[in-house]
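Visitor: Please take a close look at one part of this model, the packing of neighbouring helices. Then set it beside whatever else can be said about pairing in the chain.

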Amino acid sequence: MEGKATKMPKVAKVKNKAPAEIQITAEQLLREAKERDLEILPPPPKQKISDPEELRDYQHRKRKAFEDNIRKNRLVIGNWLKYAQWEESQKQVQRARSIYERALDVDHRNVTLWLKYTEMEMRNRQVNHARNLWDRAVTILPRVSQFWYKFTYMEEMLENVPGARQVFERWMEWQPDEQAWQTYINFELRYKELDRARQIYERFVMVHPDVKNWIKYARFEENHGFINGARKVFERAVEFFGDEELDERLFIAFAKFEENQKEHDRARVIYKYALDHIPKDRNKELYKAYTIHEKKYGDRSGIEDVIVNKRKYMYEQEVIENPTNYDAWFDYIRLVENEGNADDIRDTYERAIANVPPSKDKQFWRRYIYLWINYALYEELEAEDPERTRQVYRTCLELIPHKIFTFSKIWLMYAQFEIRCKNLQQARKTLGIALGMCPRDKLYRGYIDLEIQLREFDRCRILYQKFLEYGAENCITWIKFAELETLLGDSDRARAIYEIAVGQPRLDMPELVWKSYIDFEVSQGETEKARQLYERLLERTVHVKVWLSYAKFELNAENPDNINVELARRVYERANDCLRSAGEKESRVLLLEAWKDFETEIGDEIKLEKVLSKMPRRVKKRQKIVSEGGIEEGWEEVFDYIFPEDEMVRPNLKLLAAAKQWRKQKETNDDSQSDTQSEMECQIANQKDNEPEEQSSQDEDSQEESEHQDTHTPQTQEQGTPPQEENQGNKSVKKKSEHQDTHTPQTQEQGTPPQEENQGNESDSSDSN
């Protein structure tokens, strides 16, 4: 047996390692165990003790088990507590006390152990033992507030008020938290000891100097009818915290206290004092409370003051967050100016102008510069301090980067201020410096207006000369210069200025100069010179407005023999011929409309019929849309005007179209080339002899229809059809031939002589004759 080797048991091999079809989860297993109550153990059988011997045996076994657990791990306080509670249940208080003492030797800082020990003594009415235990507990662990609460509660339940007070005093020496003090105060209040409670409050607010504790102290005095005492507490609190540690909650409570006592003036003074001494970033609720108070008990001025203060706070926050928000500065300054305090207004202006825009771009300076303007106007008009106003203007001009940009308004305002101060020399010097540093049109005009008001016309002429040297293309300057000379009665000088102006190679608005020049000559009664000016202007431009103005001038001019109408009509005719040669269709339409209105007003029906015969017809056409790169992008519909005069100058277009058609037929009909050529030459000769100078309106309609048909629907003639049949359906064979030649070449059946077509042309030509 000893020689045999022990055999290892065989491990059963799993043949099928595939997962089961029905999987069982852990959740399902737990649910089934719960349903079957597999984890619930049956309760142990109850043991009934019937005699003392059996009881002693039971107690011996239980004590032995507890002692064994303690020996195994004596640091587990739960074993000690269970042991002591079991002994208490056996009415063995002395043994339980011994167990608790042994446990305290193990861990004397365990709070639960002390609480269970003292609670056992109190349950068994061992008052002195409990008192001794509480005394030992608070001596060893004085920072555990629970011991003190239970100790004082026990003494109070035993109606040992002096003992409880003594415990509280011992507790307060350790300076506990706020709740402990409040508990002591409530204890004294239960026994109507107000003086003692007041003394506790005095010590309390010194140990915990918080605003809410001072407010509690004041409310204590108020609730017990000590109004003066409550007011003194609030005043002491204000003095205690000083100006640096002021809190808006204290002042709100103080003001509400005065409000409850119907002392609204006192409350208003408190609010104002707080708003003056508390920083503006910490008095938001104070403003709200002040506003509510004033709305309830204040007058109109008081309410306005509150709203103003609230707005000032709001603007102050905005300018602190964004110093370059000049709109907020404007509102803030306007609000401060309404109060009328000069020092505050100047201080606010100084703070505002100190925020110089960070960029040298003029658009960022446009709003900022008005801070300086308003500051200067305030010093001049409200403060009436000329010297300070002058200093503001000079500082502003030194700040502006004139080499990059400038503000003409500042220069002119400063000069006008010096004139109001009767310092003309300084005003001229200022504007001279401005023109030297940064010449601008507005500066020149302002300087010239100033000299005109002073009646210094020689200086005005000099300034205008300098102005024109600075910008000779400015038409307004030339016109103003000439108007000045006109007002001074020097017409020759004004005329010379106009001549120089119209001779300038570059002008920004030359039409204004010419119009002003012509109006000047008309006002002087120089009709012939004005007419010459119109002729000179028409040499430079053929704009329709010039022609219309010329015709109106001729109609209203003073001429002998009343030839105004003929002169105006001649201008219209010239304008029509000129615009027709220039190809300005839109302008020509405007001219004809004005001409028609002119003839209608005159009442000459013959001339009116002539003008109406010149009126165009508007037709719709299609044209290709070509992009900048030369790519065709589609078609678009446009409106065009067809003038009868333009159609009459094209009499031979139909003949040329017929010749081109004959040439194509000649190329396709090689067999009868010689006969066709002779007949075509005869047809051309007859056509030239019979062609009328003017076509009827019916031919014009046929021509337009042919063009429209050519533009949209090119046609192809079927072979074998003689061209004479096609010509019978048209009133104008020449127009149809031109249409066929230009756009839609037709193929004619070989062997058909062109004589039939020519015969149709001859008949149509004879009909038109």
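Guide: What follows goes through three helix pairs, then a strand pair and an aromatic pair.

The model is predicted. Two packed helices are described by the angle between their axes and the distance between the axes.

Take helix 5 (residues 111–123) and helix 6 (residues 127–140), whose axes lie 8 Å apart at an angle of about 160°. Helix 5 is therefore roughly antiparallel to helix 6, since angles over 145 degrees count as roughly antiparallel. Their crossing is left-handed. On the helix 5 side the contact consists of Trp-114, Leu-115, Tyr-117, Thr-118, Glu-121 and Met-122. Facing them in helix 6 are His-129, Ala-130, Leu-133, Trp-134, Arg-136, Ala-137 and Ile-140. Sorted by class, this contact of helix 5 with helix 6 holds nine nonpolar, two polar and two charged residues.

The second pair is helix 8 (residues 161–172) with helix 9 (residues 178–190). Their axes come within 11 Å and cross at roughly 155°, which makes helix 8 roughly antiparallel to helix 9. The crossing of helix 8 and helix 9 is left-handed. Helix 8 contributes Val-161, Ala-164, Arg-165, Phe-168, Glu-169, Trp-171 and Met-172. These meet Ala-180, Trp-181, Thr-183, Tyr-184, Phe-187 and Glu-188 in helix 9. By class, the residues in the contact of helix 8 with helix 9 are nine nonpolar, one polar and three charged.

The third pair lies further along the chain: helix 18 (residues 342–353) and helix 19 (residues 369–382) pack with axes 10 Å apart, at an angle of about 160°. Helix 18 and helix 19 are therefore roughly antiparallel to each other, and their crossing is left-handed. From helix 18 the contact takes Ala-342, Ile-345, Arg-346, Tyr-349, Glu-350, Ala-352 and Ile-353. Helix 19 supplies Leu-371, Trp-372, Asn-374, Tyr-375, Tyr-378 and Glu-379. The contact of helix 18 with helix 19 divides into nine nonpolar, one polar and three charged residues.

Strands pair as well. Strand 1 (residues 617–626) and strand 2 (residues 632–642) run antiparallel and are joined by ten bridges. Among the bridge partners, Lys-620 is matched with Phe-639 in strand 2, and Gln-623 is matched with Glu-636 in strand 2. The two strands form a hairpin, with five residues between them. In the turn, Gly-630 has a positive phi of about 85°.

Last come the aromatic rings. Over the whole structure, a search finds 38 aromatic pairs. One of these joins Tyr-498 and Phe-520: the ring centres are 5.5 Å apart and the planes stand at 35°, so the pair is tilted. This pair links distant parts of the chain, with Tyr-498 in helix 26 (residues 491–502) and Phe-520 in helix 27 (residues 510–523), 22 residues apart.

Key: Residues are numbered from 1 along each chain as its sequence is written. This is a predicted model: local features need pLDDT of at least 70, side-chain atom pairs count only at pLDDT 80 or more; totals for chains, interfaces and linings use all residues. Side-chain values use heavy atoms; hydrogens and water are left out. Axes are lines fitted to C-alpha atoms, for helices over the stretch in contact, and angles run from 0 to 180 degrees between N-to-C directions. Helices (H or I, at least four residues) and strands (E, at least two) are DSSP runs, numbered from the N terminus. Angles under 35 degrees count as roughly parallel, over 145 as roughly antiparallel, 65 to 115 as roughly perpendicular and the rest as oblique. A crossing is left-handed if the near helix is turned anticlockwise from the far one by less than a right angle, and right-handed if clockwise. Contact means heavy atoms within 4.5 Å. Ala, Val, Leu, Ile, Met, Phe, Trp, Tyr, Cys and Pro count as nonpolar, Asp, Glu, Lys and Arg as charged, and the others, Gly among them, as polar. Two strands pair if DSSP finds at least two bridges between them. Rings of Phe, Tyr and Trp (its six-membered ring) pair if their centres lie within 6.5 Å; planes under 30 degrees apart count as stacked, over 60 as edge-to-face and the rest as tilted.
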